[in-house]
Amino acid sequence: MNLHEYQSKSILKQYGVAIPEGIPVQTPGEAVKAAEIIQNSTGSDKWVIKAQVHAGGRGKGGGVKVAKSIEEVRLYAGQIIGMTLITPQTGAQGKKVRKVLVEQNIFYPGLTEPSEIYMSVLLNRQKGHTILMYSPRGGMEIEKVAEETPEQIFTEEIDPKVGLQPFQARKVAFNLGLAGEAHKNMVKFVHGIFAAYDGTDASLIEINPVFKTSDDKILAADAKVVIDNNALFRHLDIAAMRDYDEEDPIEVEASRNDLNYVKLNGNVGCMVNGAGLAMATMDIIKLSGGDPANFLDVGGSANAKRVEAGFRIILKDPNVKAILVNIFGGIVRCDRVAQGVVDAYNNIGKIEVPIIVRLQGTNAEEGKRIIDESGLRVLSAITLQEAADQVNTVLS
């Protein structure tokens, strides 16, 4: 689950990570009040107004502005809230901005421009270790840094049995060329972000940039936190932060119906029980000349309600020209699935695209009979290849 910058920073703060003072708001009037609160508590007379969307590169799209007066806070907040922000990560359709973060400007008076550092904590799935990745060249795309100056990318592997060791945090500060108070603050910062990563069951914490100010403070100027969906049951407070407006509406609907759905760019809708069978189904569709439009796993209990929800979700995609239902009746009986398909078809009404149903396993023959005698625009198949060939036929 992705989090907004302000949500990510609130989590980091709980683990002792230093962040600039900021307040999320939804209107220009709220932005002005937030700026006044920040000014009273920090003395800052400049503020940064940041669009809150699940995408990077916000500054390039006009979603980050520095306000030098209260009037500019109101102006920039009004410009950004409600805009469709287009960045390299949003695609051409962009994302609508519903909130902005009004934040203390870190370039505070009397200090020179801070240095920018890249830092992230993520999982190395090949080794089963957590990796702390960092670079003194923050503030830009880390992929570009890795390509042009790979010697500027440092990593520390963290053994899950022992966690982050003190010498590793000190090594990070040393490799970044820090000394004195800055070294001490960076060690604390590194321990804090790893504790946040471990304590929230995150799959990624990325801070770009980390600011080292000229008075040796270390601050998270930006933050991206991604939480492992499988661990959200342990973090109900974080699960409550989910912003459905930032997600694909179809995928949101699928999750509310306990369906595993991923949209693809093809023309054949897939409804399958089991991830492995779903992958095999998409493979054979591709080999037979079609192109999968989605991954949709209805799970072990493919009852009528789930099947109907699956059909409705698939049919929301205008590119779908046929639907292949591929069910193995192990836990669930094929005749019940077949009846669920018929009931779902009747409940939805007229379905314009052909449906091919392949059932194997418990009561498969009875399931095929129910499909064949339904009188609906539904074709039955015995083998997966036969089902794929029928899909190819209806598409041609």
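Which ring does the charged end of R256 sit over? I started my notebook there, keeping in mind that this is a predicted model. The ring belongs to Y244, and the charged end of R256 lies 4.5 Å from its centre.

**Entry: aromatic pairs**
Next I looked up ring-to-ring contacts and found 2 aromatic pairs in the structure.

I took Y134 and F154 to begin with. Their ring centres are 5.4 Å apart and their planes meet at 20 degrees, so I noted the pair as stacked; planes under 30 degrees apart count that way. I then checked where the two residues sit. Y134 is in strand β8 (residues 129–135) and F154 is in strand β9 (residues 154–158). With these positions 20 residues apart, the pair links distant parts of the chain.

Are Y134 and F154 buried or exposed? Y134 has 0% relative accessibility, so I put it down as buried. F154 comes out at 23%, so I wrote partly exposed for that ring's residue.

**Entry: the helix pair**
I turned to F194 and Y197. Here the ring centres are 6.4 Å apart and the planes are at 25 degrees, so this pair is stacked too. For pairing, the centres have to lie within 6.5 Å. Both residues belong to helix α6 (residues 180–199), and they are 3 residues apart, about one turn of the helix.

I looked up accessibility here as well. F194 has 14% relative accessibility and therefore counts as buried. Y197 is at 7%, so I have that residue down as buried.

Definitions and conventions
Residues numbered from 1 in each chain as written. Predicted model: local features only at pLDDT ≥ 70, side-chain atom pairs only at ≥ 80, totals over all residues. Heavy atoms only, no water. Phe/Tyr/Trp six-rings, centres within 6.5 Å; stacked < 30°, edge-to-face > 60°. Helix = DSSP H or I, 4+ residues; strand = E, 2+ residues; numbered from the N terminus. Buried < 20%, exposed > 50% of the residue type's maximum accessible area, 1.4 Å probe, protein only. Lys NZ or Arg CZ within 6 Å of the ring centre and 35° of its normal.
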